[in-house]
Amino acid sequence: MLYNKKIDNGKGFDWGLTSSDYAKFRDIYPTELYDRLRAMGVAADNSSWLDLGTGTGILPQNLYNEKAKITAVDITEEQINYARLKAEENGWNINYLVSPAESTGLPDNSFDCITAAQCFWYFERERIISEIRRMLKPGGKFIKVYLAYTLDDEIAKTSHELVKKMNKNWTPGASGAKDMFDDLFPNRETESFYCDLPFTRESWHGRMCACRGTLASMDEKSFAKWNKKHIKFLETYPEEFSIRHKLYISSFTVE
């Protein structure tokens, strides 16, 4: 169980409880993200790339390049187990490590690129800045990614409100978006764009199950109540629909 006074009013959350749903339903980044990351040098031939807070390994899975040396780290063993299983099934050579991002023990000056998607605000800021600087090669890149649904989308707004009603301590969205404009290193470059992502009723429900406010932090009774209400709500919509999202990318070249 993780606790952070700045997140969910200090209420604990455990990503391990969401691992099955996370692996199945959170692989939703648009193709455009991967195109932009490749253009920035992520997983380039003969490069060394580290993905911090990798979760179930979504970025390494979608950017896998057998000519790149890839390492992925997450504090939650259950998440890493799912990532390893997917890698083994596909024959991907990815080095997975269960570790806090702030103390990986990985060598100095060993990565051309380090990424962190949907996770950076969970880290201890000053420690992770020092760790990134230590592990990056001179002139290496650090890249953060954040994807969030927009509340002007009717389905997303109601789903969001149903979670908030059952988990009043949940503080979604704002931390991630604000974090993308944090000047961790000089010369931050931040870009953003909107995208409409496709879902079915099942996959949207699964995506909401795999958020911090539901399976990761609700007690069993509260989750069962939310689960029933959310499924019933989605039955009023077509089987397939799209949800408006906004995606942010912040990059830094670290000397």
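These exercises walk through the sheet, three helices and three single residues of a predicted model.

Residues are numbered from 1 along each chain as its sequence is written. Because the model is predicted, local features need pLDDT of at least 70, side-chain atom pairs count only at pLDDT 80 or more, totals for chains, interfaces and linings use all residues, and side-chain values use heavy atoms, with hydrogens and water left out.

**Exercise 1. Lay out the sheet.**

Task: Give the order of the seven strands and find the edge strands.

Solution.
- Start with the terms. Helices (H or I, at least four residues) and strands (E, at least two) are DSSP runs, numbered from the N terminus. Two strands pair if DSSP finds at least two bridges between them.
- Write down the order. The seven strands run 3-2-1-4-5-7-6 in an open sheet. The pairing is mixed.
- Recall how pairing works. Strands of a sheet pair through backbone hydrogen bonds, either parallel or antiparallel.
- Find the edges. Strand 3 (94-98) and strand 6 (189-200) each pair on one side only.
- Add the twist. Neighbouring strands are turned by 20° against each other on average, direction ignored. Axes here are lines fitted to C-alpha atoms, for helices over the stretch in contact, and angles run from 0 to 180 degrees between N-to-C directions.

**Exercise 2. Follow strand 7.**

Task: Describe how strand 7 pairs with strand 6 and with strand 5.

Solution.
- Take strand 6. Strand 7 (residues 240-254) pairs with strand 6 in the antiparallel sense, over 12 bridges.
- Look at facing residues. Phenylalanine 193 stands opposite leucine 247. Glutamate 191 stands opposite isoleucine 249.
- Take strand 5. Strand 5 and strand 7 also run antiparallel, joined by 10 bridges. Tyrosine 146 stands opposite tyrosine 248 in strand 7.
- Add the helix. Helix 8 (residues 201-209) lies across strand 5 (136-149), strand 6 and strand 7. Helix 8 runs at about 130° to strand 6.

**Exercise 3. Check helix 6 and find its buried side.**

Task: Compare the span of helix 6 with the expected value, then sort its buried and exposed residues.

Solution.
- Check the length. The expected span is 1.5 Å times one less than the number of residues. For the 13 residues of helix 6 (residues 154-166) that gives 18 Å. The end C-alpha atoms are 19 Å apart, which agrees.
- Fix the cut-offs. Buried means under 20% relative accessible area, exposed over 50%, partly exposed in between (1.4 Å probe, protein chains only).
- List the buried residues: Ile155, Ala156, Ser159, His160, Leu162, Val163 and Met166.
- Place them. They cover an arc of only 160° around the axis, so they sit on the same side of helix 6. The arc is that of the directions from the helix axis to the C-beta atoms.
- Turn to the other side. Glu154 and Lys165 are exposed there.
- Find the partners. The buried residues pack against strand 5, helix 8, helix 9 (220-234) and strand 7. Contact means heavy atoms within 4.5 Å.
- Look at the start. A side-chain oxygen of aspartate 153 comes within 3.1 Å of the backbone nitrogen of isoleucine 155.

**Exercise 4. Repeat for helix 9.**

Task: Run the steps of length, buried side and partners on helix 9.

Solution.
- Length: helix 9 has 15 residues and reaches 21 Å, close to the 21 Å expected.
- Buried residues: Ser222, Phe223, Trp226, His230, Phe233 and Leu234. Their arc is only 95°, which puts them on the same side of helix 9.
- Opposite face: Glu220, Lys221, Lys228 and Lys232 are exposed.
- Partners: the buried residues pack against helix 6, helix 8 and strand 7.
- Start: a side-chain oxygen of aspartate 219 reaches to within 3.1 Å of the backbone nitrogen of lysine 221.

**Exercise 5. Buried or exposed?**

Task: Classify cysteine 211, lysine 168 and threonine 115.

Solution.
- Cysteine 211 lies in the loop between helix 8 and helix 9. Its relative accessible area is 5%, so cysteine 211 is buried. Beyond four places in sequence, cysteine 211 touches Trp15, Thr18, Arg26, Trp170 and Ala216.
- Lysine 168 lies in the loop between helix 6 and helix 7 (174-179). At 64% relative accessibility, lysine 168 is exposed.
- Threonine 115 is in strand 4 (residues 111-117). At 1% relative accessible area, threonine 115 is buried.
- Threonine 115 has side-chain polar contacts with tryptophan 49 (2.8 Å) and with aspartate 51 (2.7 Å). A polar contact is a pair of N or O atoms within 3.5 Å; within protein, one must be able to donate a hydrogen and the other to accept it, and residues adjacent in sequence count only if both atoms are side-chain atoms.
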